[in-house]
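Hi everyone, thanks for making time. I'd like to walk you through a structure that may be new to you, so let's put it on the screen.

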Amino acid sequence: MASPKPRSRLAFKAPLPPPELPVPAAFRCPISLDLMKDPVTLHTGITYDRHHIETWLDAGHRTCPVTNQPLLSDDLVPNHTLRRMIQAWCVAHRSLGMERIPTPRIPVTPGQASDLLADVAFAGRRGDRCRLRESVGKIKALAKESERNRRCLAEGGAGRVLSALFGEWGDEEILSALALFLPLDQETCRQIGSNKSLDFVVSFLKSGDFDAGLNAALVLKNLASSLPPERIEVLARTDGLIEALVKLIEKPISPRTTKAALSAAFYLVSTHERIAARVSESGIVPLLLEILVDADRSTAERALGVLDGALGSGRGREAARGHALAVPVLVKNMLRVSETATQFAVSALLKLCKSERQGERAAEAVKVGAFQKLLILLQVGCSAPTKEKVSELLRLLNAHRGSSECTERMDFGGLKKSF
């Protein structure tokens, strides 16, 4: 049986009744025994709080928790009568500290989602921009209201409808709505991957606008993670795309945008050496090294991943060899960040050291403590592929141990980032 799809986790936070105020049994959810905020009834006739019965169904259960009857349908019918009774009870006991439970919004139905998407598509065909933006705004509002609504719209084909309209209109409102339905399905990715749509995405990446840049980066990241290698090469050839990504990293508009841009760049450089070389030529290697001086864990993982991919090309290694931070930063990030960061840092350092005949980078790595850190990695354990690279690095560095003195601690306090 296919795993159940996640339902909404949004729920109203009801005030707890004072200890001296007993809650009527009919007002309590049979699962949590708490006062119900959004009572809904199964076809078995038993009423539950929506949040708790959805959690039960999400866990894969297909029986009624109270009666243990098999569920022929998981439709949840709002119990408006009981909800009003609970609200009236809360108001009647306001003097004891109870607050009225807000009326929950009714989730969108598949039929309503279908009608709304049809209205958006119709407005697009007629060329009615005003009506188009109004309908897209309604879709955004419903999708943000609850995960249940977002999923209902997505299952109704929101991604495909919006991506088709974006390729025609290139409207920022459509892009922002599309970003709410990630991850994109195969057909949506195909539409967004068209030349015209990609040109619009690049223009928003370059816009400097906070929301437009973020949404464009998120959509591009999802697209790059979904495409096969041959389509990634087509994507990388889009005029101005690589330069726009690098610009977002160089002059960040928000941490989330930077991480999305780094993720998109990672998928590009990991596909083929030709793409890695093009990305390296755009000046990304020095930017990554500066970011890695004091990056948080998730940013460091992404930056190291992009750097490792860039160093898979001769242009990337050349840029790293000419930067004073390359070896110290890689050695610094080999330990105490995360297993993912260790994997990328070790791989990148190995590529850098193997590419030199004179061994200058290997000698520098020994000087800043790489040999000791690699030995620690072998002792504490790491993945099999990383362990092989650690062993190969140790053999490379061993020849330079006598000529360099280890620096136990690296101080990056005096370094300043250019952005």
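Let's start at R321, which sits in helix α17, the helix covering residues 314-321. Please keep in mind as we go that this is a predicted model.

Is R321 buried or exposed, or something in between? With a relative accessibility of 30%, R321 counts as partly exposed, because the partly exposed class lies between the 20% and 50% limits.

Which residues does R321 touch, once we set aside those up to four places away in sequence? They are L352, S355, E356 and R361. Let's stay with S355 for a moment. R321 and S355 are 34 residues apart along the chain, and their C-alpha atoms are separated by 9.8 Å. Their side chains make a polar contact at 3.0 Å.

Now please move over to T41. You'll find T41 in strand β1, which runs over residues 39-41. T41 has a relative accessible area of 16%, so T41 is buried; the limit for that word is under 20%. If we leave aside neighbours within four places in sequence, T41 is in contact with I46, T47, D75, L76, V77 and N79. With N79 there is also a polar contact, side chain to side chain, of 3.5 Å.

On to the nonpolar cores. The largest one has 106 residues. Which of its members touch the most other members? Those are L235, L268, I284, L349, L374 and L397. Let's pick L268 and look around it. Not counting residues up to four places away in sequence, L268 touches I232, L235, A236, L241, I242, L245 and I275. Notice L235 there: L235 is also on the list of residues that touch the most other core members. There is a second, separate core too, with 20 residues, and among them are L21, C29, I53 and L57.

C29 brings us to the cysteines. How many disulfides does a search of the whole structure find? The number is 0. Why does C29 not form one? The closest cysteine sulfur to that of C29 belongs to C64 and is 11 Å away, so the two are too far apart for a bond; a disulfide needs the sulfur atoms within 2.5 Å. As for the surroundings, C29 counts as buried because its relative accessibility is 1%. Another cysteine, C353, has a relative accessibility of 4%, so C353 counts as buried as well.

That's my tour, and thanks for listening!

Methods
Residues are numbered from 1 along each chain as its sequence is written. This is a predicted model: local features need pLDDT of at least 70, side-chain atom pairs count only at pLDDT 80 or more; totals for chains, interfaces and linings use all residues. Side-chain values use heavy atoms; hydrogens and water are left out. A nonpolar core is a set of buried Ala, Val, Leu, Ile, Met, Phe, Trp, Tyr and Cys residues joined through side-chain atoms within 4.5 Å. Buried means under 20% relative accessible area, exposed over 50%, partly exposed in between (1.4 Å probe, protein chains only). Contact means heavy atoms within 4.5 Å. Helices (H or I, at least four residues) and strands (E, at least two) are DSSP runs, numbered from the N terminus. A polar contact is a pair of N or O atoms within 3.5 Å; within protein, one must be able to donate a hydrogen and the other to accept it, and residues adjacent in sequence count only if both atoms are side-chain atoms.
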